Amino acid sequence: MDVVETFGKIVDRECDKDPARGRRVLRAGWEAQLFRFRHMPVKALMPAYQYLAALMMDTMLKPLRDPGHSAVVSIFTPSQLLQEVGLSPYNAEAYSAYLLGSRCEHSCILTAEAAGLPETLCSYHKIFTGAAEKGLLPRPRCIVYTNLTCDANMLTFKRMERFFNVPAFFIDVPWTQTEADVRAVASQLRDLGRFLEDITGNKTDEKRLMSRIRRSIDTMDTFRQARRLQKDKYIPTDLVSPQYGAMVNNVLLGTPEVEKFARMLLKDVKLAGPARGKRIYWVHTNPYWSDAMHKALYINESAQIIGSDMEQVVYPEEMAAQDPYEAMARQMVFNHLNGSVERRIQAAIQQAKETGCDGAVWFNHWGCKHTLGGSALAKKRFQEAGIPCLVLDGDGVDRAHGGEGQTATRLGAFIEMLEERNE
């Protein structure tokens, strides 16, 4: 039994006896991991990704340290309004991923399913719900969520509102992309600003909020520059950095820390050596816990993940509006994951080409209807664009749905095919 598995068992055991003690053990382990990230980083990674690992661990710890100044959020909730009133994001998907990394996920899934959640529900949401209801996660100040992309949000966050007995705010994002849609969402975000002011007693300074929006736009511009430059560069990567990007470019966007990461990434890419090996663009989450994934793609010169649609956010030029609420509304309405799956596919193809990929993997994460339903069309569109595409079934955070044998066989064969195609 390894150290992490032992840690997970201790957390579960203590949580069953006393949830508060279980949370203290979890926090202690995560604080130790933060120390490790800051002082003993993975040397093979670029400095930007070393910095990002520590930033993400610190983000996970903030709600455990001070839950009264945290808000449970869905992944595409506008972060800038939370920053303005001093609330830390407490993101369901990210927490589930970190609980998996701590080997605490199985008991959380069992708790959720025993409480009536279906096996077919997204595993990220089951883990978060189970962790909350067994007492492993602390009570937040409030909940802010949206229907954007994931229909599981409508079940999970309503349930969490009742369980934690805290105020909640729902942002209804239309499926279409029109000016009327932008205005409707902007109006809701103004209401959200007032909601957060009432909850916290802190006022939103609109000039300061606009500065956060401008920082967000500048950060994304820097990030896109780095991604385009890496087309001809070798970027050593682990399996979680593309997953971090979903948080960096959404929940944490607008912070000085993320701006710093983007600048570090651009600098590192400029200094990187020439590209080598097969370069894979990844769509949706990935089973970073999988041994087969580690063997194929973990800091591997022969094959690397060079980008993910979860970390790429396509901003329309009009986001640079003078009204901060309209800018955030455009960020949501024009998100490439909003609307038809064709929008998502075409954005992914464009991004894959920009990053110089050799092939793409469309990962059918268990329980994600949007991704599963679009997989056949995605494979067709990628191949029409001249990009080989592997549709791979699995689960981002539940080992029971992992399919290790399938992952090893199909991913290995796909990489071999890319090598032969190049030859």
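The points below go through this predicted model, from its nonpolar cores to its sheet, a helix pair and a few single residues.

1. The nonpolar cores. The largest nonpolar core has 122 residues, and the members that touch the most others are Trp30, Leu189, Leu196 and Leu297. Helix H3, which covers residues 47-65, gives the most to this core, with twelve residues. A second core, separate from the first, holds 16 residues, and among them are Tyr281, Ala348, Ile349 and Ala360.

2. The surroundings of Trp30. If we leave aside the neighbours within four places in sequence, Trp30 is in contact with Met57, Met60, Leu61 and Leu64, and also with Tyr95, Tyr98, Leu99 and Ser102. When looking at the structure, it may help to start at Trp30 and to find these partners one by one.

3. The open sheet. Four strands form an open sheet in the order S6-S5-S7-S8, and their pairing is parallel. Strands S6 and S8 (389-394) are the edge strands, since each of them pairs on one side only. Neighbouring strands of the sheet are turned against each other by 30° on average, with direction ignored.

4. The pairing of S5 with S7. Strand S7, which spans residues 359-365, runs parallel to S5, and four bridges join the two. One residue pair can be named here: Val283 has Trp362 in S7 as its bridge partner. Helix H15 (residues 341-354) packs on the sheet and touches both S5 and S7, while its direction makes about 160° with that of S5.

5. The contact of H10 with H14. The axes of helix H10 (residues 206-229) and helix H14 (residues 324-333) come within 9 Å and cross at roughly 35°, and the crossing is left-handed. On the H10 side the residues that meet the partner helix are Glu206, Leu209, Met210 and Ile213, whereas H14 brings Pro324, Tyr325, Ala327 and Met328. By class, the residues of this contact divide into seven nonpolar, one charged and no polar.

6. Phe169 in strand S4. Phe169 is found in strand S4, which covers residues 168-171. Because its relative accessibility is 14%, and buried means under 20%, Phe169 counts as buried. Not counting residues up to four places away in sequence, Phe169 touches Ile143, Val144 and Tyr145, together with Gln188, Asp191, Leu192 and Phe195. Phe169 and Lys158 are eleven residues apart in sequence, and their C-alpha atoms are 9.8 Å apart in space.

7. A positive phi at His284. His284 has a phi near 85°, which is a positive value in a residue other than glycine. The residue is found in the loop between strand S5 (278-283) and helix H13 (291-297). With a relative accessibility of 9%, His284 is under the 20% limit and therefore counts as buried.

8. A positive phi at Ile299. Ile299 also is not a glycine, and its phi is positive, at about 40°. Its place is in the loop between H13 and strand S6 (303-308). Is Ile299 buried or partly exposed? Because its relative accessible area is 24%, and partly exposed covers the range between 20% and 50%, Ile299 is partly exposed.

Conventions. Residues are numbered from 1 along each chain as its sequence is written. This is a predicted model: local features need pLDDT of at least 70, side-chain atom pairs count only at pLDDT 80 or more; totals for chains, interfaces and linings use all residues. Side-chain values use heavy atoms; hydrogens and water are left out. Buried means under 20% relative accessible area, exposed over 50%, partly exposed in between (1.4 Å probe, protein chains only). Axes are lines fitted to C-alpha atoms, for helices over the stretch in contact, and angles run from 0 to 180 degrees between N-to-C directions. A crossing is left-handed if the near helix is turned anticlockwise from the far one by less than a right angle, and right-handed if clockwise. Contact means heavy atoms within 4.5 Å. Ala, Val, Leu, Ile, Met, Phe, Trp, Tyr, Cys and Pro count as nonpolar, Asp, Glu, Lys and Arg as charged, and the others, Gly among them, as polar. Two strands pair if DSSP finds at least two bridges between them. A nonpolar core is a set of buried Ala, Val, Leu, Ile, Met, Phe, Trp, Tyr and Cys residues joined through side-chain atoms within 4.5 Å.
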